[in-house]
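Hello,

Here is the structure I promised to pass on to you. Please open it alongside this email, and my notes come straight after.

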Amino acid sequence: MRNRLYLVLHSPFECACPEHIERFSGKAEGGVLLIQDGVYYAVNPEKREALHKRNLKLYALDLCLTARGFGDFQNDDVEIVNSQRAVELVMDEYDGVIRI
């Protein structure tokens, strides 16, 4: 298991999530599941890098990307996950979940 999984639901234009996550995690390894408007972190290179450089594994929910017109998005730094995989991340692969 890894440390914490952070669920990011808000757009990077309304929330400074990287700073909040750093406050919670310090330099510990963890993951970020981008859902709802949080997927804008994945598609914006500058915002994506702000999360990736903090030693965090990035995941983005495929349904949320598609709903916002980014169904074809792919990036080596972001694992695109379906709903079943998202549940596995939340329930099995991390020690705790924090919603931001």
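Below is what I found, starting with the strands and moving on to a helix and one of its arginines.

Please keep in mind that this is a predicted model.

Let's begin with strand β3, residues 56-61, where five of the six residues are buried. On one side β3 pairs with strand β2 (residues 30-34) in the parallel sense, over five bridges. Strand β4 (residues 78-81) also runs parallel to β3, and four bridges join the two. Leu58 is a handy residue to click on here: Val32 stands opposite Leu58, and in β4 the bridge partner of Leu58 is Val78. Between β3 and β4 the chain passes through helix α4 (residues 62-67), giving a β-α-β crossover that is right-handed.

Next comes helix α5, which spans residues 83-93. At its start, a side-chain oxygen of Asn82 comes to within 3.2 Å of the backbone nitrogen of Gln84. Which residues of α5 are buried? They are Arg85, Ala86 and Leu89. Viewed down the helix axis, the buried residues fall within an arc of 105 degrees, so they line one face of α5. Gln84, Val87 and Met91, on the other side of α5, are exposed.

Arg85 deserves a look of its own, being an arginine among the buried residues of α5. Its side chain makes a polar contact of 2.3 Å with the side chain of Glu93. Setting aside neighbours within four places in sequence, Arg85 is in contact with Tyr59, Glu79 and Glu93.

Happy browsing, and do write back with any thoughts.

Best wishes

Notes
Residues numbered from 1 in each chain as written. Predicted model: local features only at pLDDT ≥ 70, side-chain atom pairs only at ≥ 80, totals over all residues. Heavy atoms only, no water. Polar contact = N/O pair within 3.5 Å; in protein donor to acceptor, adjacent residues only side chain to side chain. Contact = heavy atoms within 4.5 Å. Buried < 20%, exposed > 50% of the residue type's maximum accessible area, 1.4 Å probe, protein only. Pairing = 2+ DSSP bridges. Right-handed = clockwise from strand over helix to strand, strands pointing away. Arc of directions from axis to C-beta.
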